[in-house]
Amino acid sequence: MLSPADPRQALRLAVNQRGESLAALSRLIDRSPGYLARFINDGRPIALSERDHGMLGAYLGTGPLGLGIRDLWARP
């Protein structure tokens with residue numbers, strides 16, 4: 001099954017499938033406990049940093065593209 005291109009949808013799916021906590025994953029990447037919940041629900045920040053995206057993908061076992069396209073909103 002392909003992951004969604006939108007990092008918010010892909011992260012939500014990966015977290016739900018693995019029964020993880022957004023607060024725990026936020027702390028894993030050295031952010032406040034509400035960081036990933038705000039990213040998914042409120043759209044802030046606009047995109048995860050390359051470091052955060054990579055750490056989450058490695059931890060969740062999704063690989064570099066498994067959490068969606070990191071620069072979906074970046075200008076070409």
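Which backbone nitrogen does a side-chain oxygen of aspartate 6 reach at the start of α1? In this predicted model, the partner is the backbone nitrogen of arginine 8, and the side-chain oxygen of aspartate 6 comes to within 2.8 Å of it.

**Helix α1**

Helix α1 covers residues 7-18, which makes 12 residues. At 1.5 Å a residue, helix α1 should span 16 Å, and its end C-alpha atoms are in fact 16 Å apart, so the expected and computed spans agree. Just after α1, glycine 19 has a positive phi of about 65°.

The buried residues of α1 are Pro7, Arg8, Ala10, Leu11, Ala14 and Val15. Seen down the axis of α1, these buried residues fall within an arc of 165°, so they line one face of the helix. The general rule behind such a pattern is that an α-helix has 3.6 residues a turn, so residues three or four places apart point the same way. On the face of α1 turned away from the buried side are the exposed residues Asn16 and Gln17. The cover over the buried residues of α1 includes α2 (22-28), α3 (35-42) and α4 (50-60).

**Charges and rings**

In two places the charged end of an arginine sits over an aromatic ring.

| Arginine | Ring | Distance from ring centre |
|---|---|---|
| Arginine 8 | Phenylalanine 39 | 4.4 Å |
| Arginine 31 | Tyrosine 35 | 4.8 Å |

Arginine 8 is also among the buried residues of α1. As for rings paired with other rings, a search of the whole structure finds 0 aromatic pairs.

**Serine 26**

Is serine 26, a residue of helix α2, buried or exposed? Serine 26 has a relative accessible area of 0%; buried means under 20%, so serine 26 counts as buried. The side chain of serine 26 reaches the backbone nitrogen of leucine 36 at 3.0 Å. Leaving aside residues up to four places away in sequence, serine 26 touches Arg31, Ser32, Pro33, Gly34, Tyr35 and Leu36. Tyr35 in that list is the residue whose ring lies under the charged end of arginine 31.

**Two loops**

Aspartate 30 is located in the loop between α2 and α3. Aspartate 30 is not a glycine, yet it has a positive phi of about 60°. With a relative accessible area of 63%, aspartate 30 is exposed, because exposed means over 50%.

The loop between α3 and α4 contains proline 45. The peptide bond that leads from arginine 44 to proline 45 is cis, and its omega is near 0°.

Terms used. Residues numbered from 1 in each chain as written. Predicted model: local features only at pLDDT ≥ 70, side-chain atom pairs only at ≥ 80, totals over all residues. Heavy atoms only, no water. Phe/Tyr/Trp six-rings, centres within 6.5 Å; stacked < 30°, edge-to-face > 60°. Lys NZ or Arg CZ within 6 Å of the ring centre and 35° of its normal. Helix = DSSP H or I, 4+ residues; strand = E, 2+ residues; numbered from the N terminus. Expected span 1.5 Å × (residues − 1). Buried < 20%, exposed > 50% of the residue type's maximum accessible area, 1.4 Å probe, protein only. Arc of directions from axis to C-beta. Contact = heavy atoms within 4.5 Å. Polar contact = N/O pair within 3.5 Å; in protein donor to acceptor, adjacent residues only side chain to side chain.
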